[in-house]
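Welcome to a short set of worked exercises. Take a look at the sequence and the model below, then try each task before reading its solution.

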Amino acid sequence: MVYAKALDITWSGDTRYWRWAKETSGDNFEAAELLNVCWLEVRGKLATTDLSPGTLYEVVFVVKMKTEADGWDAPVNFKFTSPDGALTRNTTFKLREILKDSKDQWKDIPFGEFKAPENPRNIEFSLYEYSRIWKSGLVIKGVAVRPKS
């Protein structure tokens, strides 16, 4: 798991736009709670060093939507780049639809998969939406990379 604190979240250091919330249910981590932005950008990467070569992995953003969330009518873009850089997958989701039945509950959003290489490399991933629509209420736990069953 790449927790939210290890992700590059645009404006996350500005308390007008994001706040860091301590989560103690099960895992002990800080989640990033979106207070209000129109430029949403979350980026990260993970070295494949600790992964088993040849194993198929899935990449998922772990998020939840607060009950009072607003501004999620526009589609949100998810991007995944494989370890060798040969595959870039761009996916668009309407988060309001995906998360409508799971308000205030963590939900996995799968958006990429790859086979771990013999020689360690990085995977890269992002979530972004750049419209002029102000958004609030998204909470990001992080990005999970796990064997695909």
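**Exercise 1. Decide whether Trp39 is buried, partly exposed or exposed, and find the patch it belongs to.**

Step 1. Start with the location: Trp39 sits in the loop between β4 and β5. Helices (H or I, at least four residues) and strands (E, at least two) are DSSP runs, numbered from the N terminus.

Step 2. Now classify the residue. Trp39 has a relative accessible area of 40%, so it is partly exposed. Buried means under 20% relative accessible area, exposed over 50%, and partly exposed in between (1.4 Å probe, protein chains only).

Step 3. Look at the company it keeps: Trp11, Trp39 and Tyr130 make a nonpolar surface patch of about 340 Å². Patches are made of residues with over 30% relative accessible area and no salt bridge; like charges are joined within 9 Å, and nonpolar side chains (Val, Leu, Ile, Met, Phe, Trp, Tyr) within 5 Å. Accessible areas come from the Shrake-Rupley method with a 1.4 Å probe, and for residues only the protein chains shown count as cover.

A word on the ground rules: this is a predicted model, where local features need pLDDT of at least 70 and side-chain atom pairs count only at pLDDT 80 or more, while totals for chains, interfaces and linings use all residues. Residues are numbered from 1 along each chain as its sequence is written, and side-chain values use heavy atoms, with hydrogens and water left out.

**Exercise 2. Work out which strands pair with β11, and in which sense.**

Step 1. Two strands pair if DSSP finds at least two bridges between them.

Step 2. Strand β1 (residues 2–3) runs antiparallel to β11 and is joined to it by two bridges. Here Val2 stands opposite Val143.

Step 3. Strand β4 (residues 29–34) is also antiparallel to β11, again with two bridges. The partner of Ala32 in β11 is Ile140.

Step 4. Between β6 and β11 there are 10 bridges, in the antiparallel sense. Val59 faces Val145 in this pairing.

Step 5. Finish with the cover: in strand β11 (residues 136–147), 10 of the 12 residues are buried.

**Exercise 3. Compare Leu56 and Glu58, and list what each one touches.**

Step 1. Leu56 lies in strand β6 (residues 56–70), and Glu58 is in β6 too.

Step 2. Leu56 counts as partly exposed because its relative accessibility is 33%. Glu58, at 16%, counts as buried.

Step 3. Contact means heavy atoms within 4.5 Å. Setting aside neighbours within four places in sequence, Leu56 is in contact with Glu113, Phe114, Lys115, Arg146, Pro147 and Lys148. The C-alpha atoms of Leu56 and Arg146 are 8.5 Å apart, although 90 residues separate them along the chain.

Step 4. With residues up to four places away again left out, Glu58 touches Pro110, Gly112, Glu113, Ala144, Val145, Arg146 and Lys148. Glu58 also belongs to a network of salt bridges with Asp108 and Arg146.

**Exercise 4. Locate three salt bridges and say which parts of the chain they link.**

Step 1. A salt bridge is a side-chain nitrogen of Lys or Arg within 4 Å of a carboxyl oxygen of Asp or Glu. The whole structure holds 10 of them.

Step 2. In the pair Glu30 and Lys5, the closest N and O atoms are 3.9 Å apart. This links distant parts of the chain, with Glu30 in strand β4 and Lys5 in the loop between β1 and β2, 25 residues apart.

Step 3. For Glu33 and Arg19, the closest N and O atoms are 2.9 Å apart. Glu33 is in strand β4 and Arg19 in strand β3 (residues 18–23), so the pair ties together parts 14 residues apart in sequence. Glu33 is buried at 9%, whereas Arg19 is partly exposed at 40%.

Step 4. Arg96 and Asp73 come to 3.0 Å between their closest N and O atoms. Arg96 lies in helix α1 (residues 95–98) and Asp73 in the loop between β6 and β7 (76–81), so parts 23 residues apart in sequence are tied together. Arg96 is partly exposed at 30%, while Asp73 is exposed at 52%.
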